[in-house]
Amino acid sequence: MTDTFKYLLPEDRIPRAWYNIVADLPKPPPPVLHPGTGKPIGPDDLAAIFPMELIRQEVATEREIEIPEPVREIYKLWRPAPLHRAVRLERALDTPARIFYKYEGVSPAGSHKPNTAVAQAFYNREAGIRKLATETGAGQWGSSLAFAGSLFGLEVKVYMVKISYQQKPYRRALMETYGATCIPSPSTETAAGRAVLAEHPDSPGSLGIAISEAVEVAAQNADTNYALGSVLNHVALHQTVIGLEAIEQMEMAGFWPDVVIGCAGGGSNFAGIAFPFLGKKLREGKDVRVVAVEPAACPTLTRGTYSYDFGDIAHLTPLMKMHTLGSSFVPPGFHAGGLRYHGMAPMVSHAKELGLIEARAVHQNPCFEAGLLFARSEGIVPAPESTHAVRAAIDEALEAKAEGKPRTILFNLSGHGHFDMQAYTDYLSGKLEDRDYDAAALRASLDALPQVAAE
């Protein structure tokens, strides 16, 4: 048994460049299309809501993109994040597997989201923008952008999915503490929100609805830009600091992972841990299995269609080719609010189509069972989203035990659950339901996918 429980890097080992997986893919990803013309979008089509540097990163093909020094300086507040060997979990499972986890809950906002929030706030400030509008599910992204906005003097307005707004009041409080305004979505503030409420007055909301509201605000106000917490290429790019650090830390530990695991909703933390390892596989032939774990109630990778679709319910965004449940799909109100998105990041979806990653879907009760075991052995209470990765890691370790063979497992513990204790209370009291999506609603949503000639 190892004597080392965590592997730490000094601040000068914070990556100096983000990793862009596009440079190593055997086939380039499909282009993002303009919904009006059906043609690939250009920079001018996005300039109304994004700064030009983020637009450039969205379509970049070079392998490395330099991290600005002001961003690296702020990263020092929590980066490099630690890599832990889950020694006590290994003992609890009595497994020959070696379990490692990269812990992103050490950030000020408690999750991986500041890795991109700080970068996006920096580029917007440099472009002369003073206000940002965004959406959030469980609140990790909203609180992270609120934090980043406070550092760069930006006003932040967050449209929070209504079911999460009601379930997680302390996430709201955290955003407001950092100086942001938090609005339950759907709201009466926007045309998109009012349209949803007119048809569904009791709508629990969804990330697709909240995105529509935030994009509408950004598009209609010249002093406001939009910031997205997942899905887009530049967001996945910024998150690769996770995997880049983890590669160096796994080398310190003397092991290469047999499997890398991340929870997946929009795809940002998953891409952050997985893409640098996939880059090593593609460039150097270092074999590794990569597993994305999603909620069974919102199974984009395992039940969705790979197709062009809108990123929001009001169809204000460009068309992206991704695994999707349809932009009108509203998942049931399960506790992992950060995973309640109808589509998967186009780059993650492309990797799945190329056979580079696996996907599995799990219900929330087995996830919270895994989260409880992890908390009682390792001491960290995982966010509901992160319990999906914990569940898969435990399952991999139990498989190794059944086979009687060692296996090295690495997963991303993308955030802590300190603001999600109501979910654990519900689980411990037996009130947590394994909710499934409405199959008829899913069929209707998929039937309404836009028809794109490029397909």
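1. Arg63 and Asp24 form a side-chain salt bridge, with N to O at 2.5 Å. The model is predicted. Arg63 sits in the loop between α2 (52-58) and β3 (64-66), and Asp24 in the loop between β2 (17-19) and α1 (43-46), so the pair ties together parts 39 residues apart in sequence. Burial differs by label: Arg63 is partly exposed, at 36% relative accessible area. Asp24 is buried, at 11%.

2. Asp24 has another partner. Its side chain also meets that of Arg283 in a salt bridge, at 2.8 Å from N to O. This pair links distant parts of the chain: Arg283 belongs to helix α13 (residues 268-284), Asp24 to the loop between β2 and α1, and 259 residues separate them. Arg283 counts as partly exposed, with 36% relative accessibility. Asp24 thus deserves a look with both arginines displayed, Arg63 and Arg283.

3. A local pair comes next. The side chains of Asp395 and Arg391 meet in a salt bridge at 3.0 Å, N to O. Both residues lie in helix α17 (residues 386-403), four residues apart, about one turn of the helix. Asp395 is partly exposed, with a relative accessible area of 26%. Arg391 is buried, at 10%; the cut-off for that label is under 20%.

4. There is also a network. Arg289, Glu358, Arg360, Glu396, Glu399, Glu403 and Arg407 are joined into one network by salt bridges that share partners. In total, the model has 25 salt bridges. In general, side chains of opposite charge can pair when their charged atoms come close.

5. Check the cis peptide bonds. The bond from Arg79 to Pro80 is cis, with omega near -5°. Pro80 lies in the loop between α3 (69-75) and β4 (83-85). The bond from Ser185 to Pro186 is cis as well, with omega near 10°. Pro186 is in the loop between β8 (181-185) and α9 (191-199).

6. Val231 has a positive phi, near 75°, and is not a glycine. Its place is the loop between β9 (224-226) and α11 (233-239). Val231 is buried, with a relative accessible area of 6%.

7. His315 is another non-glycine residue with positive phi, here near 60°. It falls in the loop between β12 (305-310) and β13 (319-324). Is His315 buried or partly exposed? At 37% relative accessibility, His315 counts as partly exposed.

Definitions and conventions
Residues are numbered from 1 along each chain as its sequence is written. This is a predicted model: local features need pLDDT of at least 70, side-chain atom pairs count only at pLDDT 80 or more; totals for chains, interfaces and linings use all residues. Side-chain values use heavy atoms; hydrogens and water are left out. A salt bridge is a side-chain nitrogen of Lys or Arg within 4 Å of a carboxyl oxygen of Asp or Glu. Helices (H or I, at least four residues) and strands (E, at least two) are DSSP runs, numbered from the N terminus. Buried means under 20% relative accessible area, exposed over 50%, partly exposed in between (1.4 Å probe, protein chains only).
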